[in-house]
Amino acid sequence: QQQYVIDSISSLPYILPYVMVLNRKLHEVKVIDIDNQAKVYTKGETIQNGIFFKSEIIIDGVSKFILSIENEDPQITVILPITAEYEALLLNEQLSKLFLFYPLIGTETWGMNYIIHSKHFFPTEQRDGIYLNSWTEQVKENEEENRKLILKASEMIFSFLRDYASEIKNPINLAQINFNVNSDKPLLNDYFKSLKSIWIEQFKTFTLVETNAGNLQPSESNFVDKELLVSELHNDAIYNLVSKYWKNIPVRKISNEWTKKIDEWNIESINYLKIKDLVENIQEDSSLKAFEKPEELKQFYDFLLENGHEGLFNQYALLPNIKGDFKQFAALNKIANLPQTLIEIADVLMPEITARHIDNDFKFGLELSDYSRKQYSIDINGQIIKLVTDNTTSSDLPYEFLEKLVNYCNISSSSDSNNAPGKIMKLISNYYKISDNIIIIPNIKDDEIN
């Protein structure tokens, strides 16, 4: 009994202001807590501003304003979760959502962020809610009346949101729809399923979603699927990538929360952005140059690998080669002991070689095949044999190709140019006015250029 008194007193600060708003004849309340500390609640003015009623409750000299909307016939009041500065907030979780002048204890988890009061409610005997849907014949009329009142209150909320949602700050706090449809009372579940459906169909059309393109309706918006939100470490990078392609997603600070709310709505007609959607757009960009912050792309790829999606690198061209062009994993290799000089030569003589080299920053420990200097020489020699036949003259070759071909022939493992091949290459280089400098690339055991 003592604990009940303690709990009741502790709940007064967030319950009592609403009780005073709904009880017009209640003007002042003095509360003395178990420590003999007194707190005085005084009702101030109630001013109507358009459809809003703004009620002042003064708590020890500090004003708290409560906004509500009212209907005369039947008499219904809806307390709005909005401050005097028109900012939506979350009501206390322990606050009842249905009032009959006083809270109907038991309606705290009613699945909405509004308070509905009507003097015409028919409460249950325990005052833990209202009659809504059951097999009990004696309360059928009461249930019907209560359902009408809830529907009317819902229409009042819909009308308010339709007209004012875009003017309210933090409108996400107006969007809670999570009625309990899984209780042990099938008829009550049926009622709440129907009510939830009515609410969702309306809420889809209200401008509740803050995006970088302005406030949008949920039906006009895209939401980041929860499969993209499993790693808090990578969330910022993934969000930035998603926002590169879709401007109609919630702003970053509320993106995850909107996904959670839409999941609670549990409807198919909402657009979710999944991993597949993101990788398809990345592939379409086709180049690392399209990304202002490549580090974010690396973080996303880290996320894919850490969460078992490595197969996407074979399905889509996502990994950049050394030129920044995106390729599938199977089309790439990693450079093994290839100096930059060889890469520059290959870029002209056989561009297909460099197109297969993965960007070093995007290896991620993937099991890529090595591309050795020996394989390089085999491929380049094969290309030269194919393009330079016995009948080919220097005039048949583009100058850049000829220059790199001479450079390739000037490759040596030592600086000695007095041997026969070195003297010949010096003459050839001078003839074509190409540098005759020897390109020294030392041998590496088991990987020398043949």
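This report walks through the predicted model of a protein, from its overall build to a few helix contacts and single residues.

**The whole chain**

Let's begin with the big picture. The secondary structure of this protein adds up to 13 helices and 18 strands. Its C-alpha atoms fill a box of roughly 115 × 50 × 45 Å along the principal axes. How does the radius of gyration of the protein compare with that of a compact globule of 450 residues? The globule would be near 22 Å, while the protein has 36 Å.

Now look inside. Among the 450 residues, 43% count as buried. If you take the contacts with a separation of 6 or more, residues 24 or more positions apart account for 60% of them.

**Helices that pack together**

Two packed helices are described by the angle between their axes and the distance between the axes. Here are three pairs to find in the structure.

| Helix pair | Angle between axes | Distance between axes |
|---|---|---|
| α9 and α12 | roughly 140° | within 9 Å |
| α9 and α11 | about 30° | 11 Å |
| α4 and α7 | about 115° | 8 Å |

Start with helix α9, residues 340-349, and helix α12, residues 399-409. Their axes cross at roughly 140°, which makes α9 oblique to α12. The crossing is left-handed. On the α9 side, E344, I345, V348 and L349 take part, and they meet E400, F401, K404, L405, N407 and Y408 of α12. Sorted by class, the residues of this contact are six nonpolar, one polar and three charged.

Helix α9 has another partner, helix α11, which covers residues 373-387. With an angle of about 30° between them, α9 is roughly parallel to α11. Here too α9 takes part in a left-handed crossing, this time with α11. The residues that build the contact are L342, I345, A346 and L349 from α9, together with R373, Y376, I380, Q383 and I384 from α11. This contact of α9 with α11 has seven nonpolar residues, one polar and one charged. You can spot I345 and L349 of α9 in the contact with α12 and again in the contact with α11.

The remaining pair sits elsewhere in the sequence: helix α4, residues 235-245, packs with α7 at an angle of about 115°. That makes α4 roughly perpendicular to α7. The crossing of α4 and α7 is left-handed. In this contact A237, I238, N240 and L241 of α4 meet E296, L297, Q299, F300 and F303 of α7. The classes here are six nonpolar, two polar and one charged.

**Two residues in helices**

Y376 is a good residue to click on, and you will find it in helix α11. Is Y376 buried or exposed? Its relative accessibility is 0%, so Y376 counts as buried. Leaving aside neighbours within four places in sequence, Y376 is in contact with L338, L342, I345, A346, Y371 and Y408. One of these partners, L342, is 34 residues away from Y376 in sequence, yet their C-alpha atoms are 8.5 Å apart in space.

Next, visit K193 in helix α3, which runs over residues 186-203. K193 has a relative accessibility of 46%, so this residue counts as partly exposed. K193 and K169 are 24 residues apart in sequence, and from C-alpha to C-alpha they are 29 Å apart in space.

**Backbone details in the loops**

Most residues other than glycine have a negative phi, and most peptide bonds are trans. With that in mind, which kind of peptide bond runs from D73 to P74? The bond is cis, with omega near 0°. P74 belongs to the loop between β4 (62-71) and β5 (76-80).

N266 is not a glycine, but it has a positive phi of about 55°. You can find N266 in the loop between α5 (252-265) and β12 (271-273). Its relative accessible area is 65%, so N266 is exposed.

S286 also has a positive phi, near 70°, in a residue other than glycine. S286 lies in the loop between α6 (275-285) and α7 (294-306). With a relative accessible area of 39%, S286 is partly exposed.

How values were computed:
Residues are numbered from 1 along each chain as its sequence is written. This is a predicted model: local features need pLDDT of at least 70, side-chain atom pairs count only at pLDDT 80 or more; totals for chains, interfaces and linings use all residues. Side-chain values use heavy atoms; hydrogens and water are left out. Axes are lines fitted to C-alpha atoms, for helices over the stretch in contact, and angles run from 0 to 180 degrees between N-to-C directions. Helices (H or I, at least four residues) and strands (E, at least two) are DSSP runs, numbered from the N terminus. Angles under 35 degrees count as roughly parallel, over 145 as roughly antiparallel, 65 to 115 as roughly perpendicular and the rest as oblique. A crossing is left-handed if the near helix is turned anticlockwise from the far one by less than a right angle, and right-handed if clockwise. Contact means heavy atoms within 4.5 Å. Ala, Val, Leu, Ile, Met, Phe, Trp, Tyr, Cys and Pro count as nonpolar, Asp, Glu, Lys and Arg as charged, and the others, Gly among them, as polar. The radius of gyration is taken over C-alpha atoms; the globule rule is 2.2 Å times the number of residues to the power 0.38. Buried means under 20% relative accessible area, exposed over 50%, partly exposed in between (1.4 Å probe, protein chains only).
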